[in-house]
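Please open the structure in a viewer and keep the selection tool at hand. The tour below proceeds from single residues to helix pairs and then to the interface between chains.

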Amino acid sequence: MSSIRKLSWVGALAALAMTWAATAMAETAAEIAVREAQKYKGSTVTIVWEAGLQALDPLNFSGPKWEELTGIKVKVVEVQTAEMFTKIMQEYRAGTGAYDALNVIPAWMPDLAQAGALEVLDPFVDKYKFRDELQKIAPTYRDNQMMVDGKIYAFPDDGDVFVLYYRKDIFGDPKMKEEFKAKLGYDLAPPKTWKEFAEIGQFLTDKLAPNTYGAAFFRQPPYAIYMFQERFRNEGGKFFDPATMKATINSDVGVKVLTGMRDDNKFMPPGVEQFGFVENLAAFLSGQTAMTISWPPYGRWAAGYGTEQEVLSWVPKSTIAGKVGYALPPGGHPELAAGFALAVASTSKNKDAAYLFIQWLNSEDVSLQRVQLPYALRDPFRDSHFASAEYQNKWPDAKEYLAALKQGAETGLLDLSLLQTDKYEEVLRQSISKLWAGEDPKAILDQAAADWDAITEKIGVDKQKAVYEGWASKSGAYPK
Amino acid sequence: MEPGAPSGALAAPDRFFKYWLIAPAIFLLLLIGLFPLVYSLIVSFQRLTMLEADTSFAGLANYAQLFRDHRLWESLLHTAVITVIALPLELILGLAMAQLFLERMPGRQFFVSLLVLPTIISPIVAGAMWRLMLDNRYGPINQIIGWFAGKPVTLLWTVNPDLVYPAIIFCEIWQWTPFMFLILLAALSNVDRSLTEAAEIDGAGYWRTLVRIVLPQIWPVMAVAILIRGLDLVRIFDIIWALTGGGPGTITETISIYTYIQGFQQFETSYTAAIAFLVIAILTIIVVWAIRRMGLAK
């Protein structure tokens, strides 16, 4: 009798354990994060976030929601993009522990990780069972923007990718198509090469300017360096000779690309050299340009998605909703320009709470809501985001939009990421501004290559070579 | 000791007591003022960058690097060009405006207040405002020029190398001429009228009176104004940062912008400290020379 009773007890316990295990297995990463974070109720997590629209996500949406669920307050420190790296490093060096969680641009990760500013996240990922959901991040971001030297330092959290936006009404106009074919001998369609881009751009400007120009881009150097990096690699350029680590941006390809960028300005609106993100957006949304290349928010705002909200009142009213097509930029390998990843500061005094917050933000459930916030600038980065039926119904062409983003994520090119990347980027920024000032492309690139070599020498050729080899071996470094 | 005789302490108070009293204040001042300077000097002899943990001694390497750094000397040249052009223009315009407003006129106080407004705007805000004003797409400046030209004009004030310096100098003059004006107006108001009237009676013309009577009287104040503005111009950062960011390329990069880039974008902490000491040395020489030349130390 007693053995039967024992057995029934064991059976009951086993059943209980199985039920508990099943419940635990069914628990999502977001739910785990919330449950575990409740232990830290009453504490505050301070997170660095890009100032402006980006920060409205934690200020208006995720921060208040997290506090409601866990009792943990979220303090958002808004920092301009250009200052973010400096602020993070300064706080780290000072050891203040002022920041718990961080938004970092993936290209900075080698520097931040080497300096010790970022916490290794692997132990937390295992402890809080996030590994499965991490695997569902789109491969380009997951495989290229998460780890340094095989360790997880940040969660890719923003599917920044360049998309070619074009006016379907103009490209589909029968008369325009006929005239184009007669003049250039091929069909008017989104350009597949930069040669086609120049021909189509010039043709449309000739036909439609000054009401509509063939294209415009943001040309201010901080943005244009991404366009250079993209075009340069699509045309076959390599940044360095892997054997010597000598810069090769002044190759024939480099000169061809800079020359092409300068020449393209001729069919763009006057003064395009001064265009930044907003000027280019305004030109496209007002119907002044037929093509542009930019980050994903352009597509949403062109469709009028969420632009009635007060925080987006500065976005010019779209006159082209329903007329915009989405394609990969010429060359087919768009730049995964900038982007953001979520990390934990190594000096945080509240690492578990900070980690749990970023796990919750990055989880399948919560990230899907965040990428649909029209104002927050976070772009789809998980397979489930691209496939979301809810998102695909946000506006009539949203399905095509998401398909273009997914395609871009599959073929995209990573920003150059080395030790002290910003020094190399600074040289590129100067080079672009010299280009718009009228200097000779070859001379500009020769100087840039010399400057890059000097930076590499100072850092240490072998040291940088090892980092470059690691970067160049990634799937998104160069077109395959 | 006789009863009632003063104690030794009272008879001969501690001669150093007064120094003890001010010692805390001096210590505090040294801590705040001198310590950062000494610390920066030490840093300038190290290999400190914000990206690496190396704090080893570099000897004079950072100072030797100063002489090989073409961009540094170019930035000093750009600073000198801006100073040499903007300072006299601000002085002349400020003096002319002060002369104009010296006479009593209706609405004088209102106009003086209005003219001084630019000086109370933060330079970075002024730079951002002028960037917008000079923008080809949104700014009114090109539109106004276009009205006069009779056709739309595309003048890229912050991109075209021929236009960036005129744009910067114009903005600088717009913001800081009122400072000169205000100081010189105060100085001119204190000029002894009997002397200028006597000169007029003696047949001296306007220019002669100005040069021989008025300017010598306001010179000490004018010299201080020149010195203050000169130093400000050597440190110029905000307006240019907002307008051109030092570009195109580096052609409008001043020494302050270059120092900022080295320190806070390139994270070359020790090298930046060396640049700072170079600037301190140059400024000290200029200021000492200027003070002697202007007779301010008399």
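Does Phe267(B) count as buried or exposed, given its C-beta neighbours inside 10 Å? Select this residue in the predicted model. Phe267(B) has 24 C-beta neighbours inside 10 Å and therefore counts as buried, the threshold being 20 or more. Its backbone also merits inspection: phi of Phe267(B) is near 60°, a positive value in a residue that is not glycine. The residue is found in the loop between H12 and helix H13 (269-294) of chain B.

**Positive phi in chain A**

Next, select Asp149(A), which has a positive phi of about 50° although it is not a glycine. Asp149(A) lies in the loop between strand E4 (147-148) and strand E5 (151-152) of chain A. Here the environment is exposed, because Asp149(A) has 11 C-beta neighbours inside 10 Å, and 12 or fewer is the limit for that class. Such backbone features deserve a check because most residues other than glycine have a negative phi, and most peptide bonds are trans.

**Cis peptide bonds**

Remain in chain A and display the bond that joins Ala209(A) and Pro210(A): this peptide bond is cis, with omega about 10°. Pro210(A) lies in the loop that runs between helix H11 (194-208) and helix H12 (221-234) of chain A.

Then turn to chain B and select Gly247(B) and Pro248(B), where the peptide bond from the glycine to the proline is cis and omega is near -5°. Pro248(B) belongs to the loop between helix H11 (238-243) and H12 of chain B.

**H4 and H12 of chain B**

From that loop, extend the selection to helix H12 (residues 255-265) of chain B and add helix H4 (residues 70-100) of chain B. These two helices pack at an angle of about 145°, and their axes are 7 Å apart. H4(B) contributes Arg71(B), Leu72(B), Ser75(B), Leu76(B) and Thr79(B) to the contact, while H12(B) contributes Ile255(B), Ile257(B) and Tyr258(B). By class, the contact comprises five nonpolar, two polar and one charged residues.

**H21 and H22 of chain A**

Now select helix H21 (residues 421-436) and helix H22 (residues 441-459) of chain A, whose axes lie 10 Å apart at an angle of about 165°. H21(A) and H22(A) are therefore roughly antiparallel to each other. The crossing of H21(A) past H22(A) is right-handed. Show side chains for the contact: among the participants are Tyr424(A), Val427(A) and Leu428(A) of H21(A), and Leu445(A), Ala448(A) and Trp452(A) of H22(A). The contact of H21(A) with H22(A) has ten nonpolar, one polar and three charged residues.

**Helix H2 of chain A**

Select helix H2 (residues 29-37) of chain A and highlight its buried residues, which are Ala29(A), Ala30(A), Ile32(A), Ala33(A), Val34(A) and Ala37(A). What covers these buried residues of H2(A) includes helix H3 (56-70), helix H7 (131-134), helix H16 (351-362) and helix H17 (364-371) of chain A.

**Domains and interface**

Colour chain B by its domain assignment, which gives domain 1 (15-43) and domain 2 (67-294). The centres of domain 1 and domain 2 of chain B, taken over C-alpha atoms, are separated by 35 Å.

Finally, display both chains together: 19 residues of chain B are in contact with 19 residues of chain A. The side of chain B that touches chain A has eight nonpolar, nine polar and two charged residues.

Key: Residues are numbered from 1 along each chain as its sequence is written. Chains are lettered from A and ligands numbered from 1 in the order in which they are written. This is a predicted model: local features need pLDDT of at least 70, side-chain atom pairs count only at pLDDT 80 or more; totals for chains, interfaces and linings use all residues. Two residues are in contact if their C-beta atoms, placed from the backbone, lie within 7 Å. Ala, Val, Leu, Ile, Met, Phe, Trp, Tyr, Cys and Pro count as nonpolar, Asp, Glu, Lys and Arg as charged, and the others, Gly among them, as polar. Domain bounds come from an automatic or database domain assignment. Helices (H or I, at least four residues) and strands (E, at least two) are DSSP runs, numbered from the N terminus. Axes are lines fitted to C-alpha atoms, for helices over the stretch in contact, and angles run from 0 to 180 degrees between N-to-C directions. Angles under 35 degrees count as roughly parallel, over 145 as roughly antiparallel, 65 to 115 as roughly perpendicular and the rest as oblique. A crossing is left-handed if the near helix is turned anticlockwise from the far one by less than a right angle, and right-handed if clockwise.
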